[in-house]
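Colleague: I have this model open on my screen and would love a close look at one part of it with you. Could you walk me through how that part is put together?

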Amino acid sequence: MDREAREHYSVVIQAKDMAGQVGGLSGSTTVNITLTDVNDNPPKFPQKNYELYVVESAQVGKPVGKIKANDDDIGINADIKYSIINSEGANTFSISTDRDTREGIISLKKPLDFERKKTYTLQIEGTNTHVDPRFSYLGAFKDTATLKISVGDVDEAPLFSMDYYIMDVYENSPGGTEVGTVTARDPDSNNNPVRYFMAESDEEPLFRINESTGVIRTTRPLDREDRPWLNVSVMAAEVANPSLVNSVVVTVQVLDVNDNPPEVPTDEEVIVCESSRPGQVIQTVTAVDKDDFANGQRFSFALPNHSAVNPNFTLKDNEDSSASIIARRRRFNHLTQELYELAIVVWDGGEPSLSGTSTLTLRVCPCQRHGRLKVCQSEAFLTSAGLSTGALIAILLCIVILLGTAPHWIIALQHLTHNHTLTHFMYG
């Protein structure tokens, strides 16, 4: 029996007593018979050749068409799996099965390009997923069809020759210096001319571009120490269709030139212990340079040539980009002189070499040693509380004036401070 030819039957059954003799009684009933399905029909494409039109701007991953094979069976016996069996089609397209409609949904795996390839041929196979081995003698439960896909041309935005550009220019180069060139073309067969321009910005532009050639130039000198890397967005549009625009990022590296003199940091005082001896290293100093490693980090040091010989300190270049301040005499006294100044000239290793002069402040004080660290020793309880020697003397003077004491107080303070200007201050 063939369910696909006829699925339902009605059978009338009659029963008689008395063996069917005259005068006997009878009864009848109707039996409705429904044939259950077996997978005895392979899937069949209604036709062997199909055609499909897809524009080149179709999105990757989105459906672009459908195809369907018919199966006379029902239920799971009619389930079909679709596949693309040739490499040309499988590389660019994919196919999946819609469970509700049992259609093959064709989707795009890669972008299409009309100018490179205008047609694709897909060999599509539809196969039953639940095969009954009892009917294997009927042959393979699958069918194939050929689908020809024609790619439609779309007017596309200009295409840059690179995904991004990296260019460089030396700092301090005059405005109008060429940085580099970007190139874009119309990917369509018309090959329309392209116009270049830069994205607008609230800041004053650092670069300009030739709208016809794509040559990028600076608008003013650049400073590497201010901004070593700069990013600009370059746009390209078809002259015939300005709405078709593409963009690319151009990264510009500002190359270093030796335009910053080195200097010795002067933000901290140098401590000179009163017990220092001739030849003793007071402090080792280094230099800083805003230029990069190629034009810096190799320093030499010396005292200024025009200055007289310093009787208190000298300088030794360690030839490792550092220098040592060395005491020239024995013992210092902070009561006699607390602060000294020492000018140091430092040269960098750039081309051409630049030099800078920094003045260090050296402070004399009694020292305590905490490991290798020199720390100034407290002089008095008021000093430890935050009052300097000058502030302490001022307080004592106020007390003397208020009490009206004899001038021998002044003489005592003179002796303590070794400061004869105090006498001039008192006697005005």
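Colleague: Let's start with a strand pairing: which residue in β16 does E178 stand opposite?

Modeller: Happy to take you through that region, with the reminder that this is a predicted model. The residue facing E178 is R217 in β16. That pair belongs to an antiparallel pairing of strand β12 (residues 178-181) with strand β16 (residues 215-218), which runs over 3 bridges.

Strand β16 also pairs with strand β15 (residues 207-209), again in the antiparallel sense and over 3 bridges. Within that pairing, F207 has T218 of β16 as its bridge partner. β15 and β16 make up a hairpin, with 5 residues between them. If you look into the turn of this hairpin you will find G214, whose phi is positive at about 80 degrees.

From the hairpin we can step into the packing. The largest nonpolar core has 23 residues, and the ones that touch the most other members are F160, V182, Y196, F207, I216, V234 and V250. Several strands feed this core: β11 (164-170), β14 (194-198), β15, β17 and β18 (245-255) each contribute at least two residues. F207 therefore has two roles worth keeping in view, as the bridge partner of T218 and as one of the core residues that touch the most other members. As background, nonpolar side chains in soluble globular proteins tend to be buried together.

Y196 is a good residue to centre your view on. Leaving aside residues up to four places away in sequence, Y196 touches F160, V182, T183, A184, I209, N210, E211, S212, T213, G214, M235 and A236. Notice that G214, the turn glycine with the positive phi, is among the residues Y196 touches. F160 and V182 are on that contact list too, and both are among the core residues that touch the most other members.

Next, please move to L230, which sits in strand β17. L230 counts as buried because its relative accessibility is 3%, and the cut-off for buried is under 20%. Its contacts, again without residues up to four places away in sequence, are L206, F207, L222, V250, T251, V252 and V254. So F207 turns up once more, as a neighbour that L230 touches. L230 and V250 are 20 residues apart along the chain, and their C-alpha atoms are separated by 8.3 Å.

L206 gives us a way from L230 to a pocket. L206 is touched by L230, and L206 is also one of the residues that lie nearest the centre of the second largest pocket, together with A199, S201, P205 and V232. This pocket holds about 370 Å³ of space and has 14 lining residues. By character, the lining divides into 7 nonpolar, 3 polar and 4 charged residues. Strand β17 (residues 229-238) provides the largest share of the lining, with 4 residues. β17 thus links several parts of our tour: L230 is found there, the strand supplies at least two residues of the largest nonpolar core, and its 4 residues are the largest share of the pocket lining.

To place all this in the wider fold, the protein has 5 helices and 27 strands. Buried residues account for 34% of its 428 residues. Taking contacts between residues at least 6 apart in sequence, 64% join residues at least 24 apart.

While you have the model open, here is a buried strand residue elsewhere in the chain to set beside L230. S107 is found in strand β7 (residues 104-108) and counts as buried because its relative accessibility is 12%. Beyond residues up to four places away in sequence, S107 touches G61, K62, P63, V64, T92, F93 and S94.

Two loop residues also deserve a glance for their backbone. Most residues other than glycine have a negative phi. A19, although not a glycine, has a positive phi of about 60 degrees, and it lies in the loop between β1 (8-16) and β2 (26-34). S321 is not a glycine either, and its phi is positive at about 70 degrees; this residue lies in the loop between β22 (313-317) and β23 (322-327). A19 counts as exposed at 75% relative accessibility, whereas S321 counts as buried at 19%.

Terms used. Residues numbered from 1 in each chain as written. Heavy atoms only, no water. 1 Å grid on protein atoms, 1.4 Å probe; cavity = no way out; pocket = protein on both sides within 12 Å on 5 of 7 lines; lining within 4 Å. Points joined across faces, edges and corners; volume = space filled by probe spheres on them. Nonpolar A, V, L, I, M, F, W, Y, C, P; charged D, E, K, R; others polar. Buried < 20%, exposed > 50% of the residue type's maximum accessible area, 1.4 Å probe, protein only. Contact = heavy atoms within 4.5 Å. Pairing = 2+ DSSP bridges. Core = buried A, V, L, I, M, F, W, Y, C linked by side-chain atoms within 4.5 Å.
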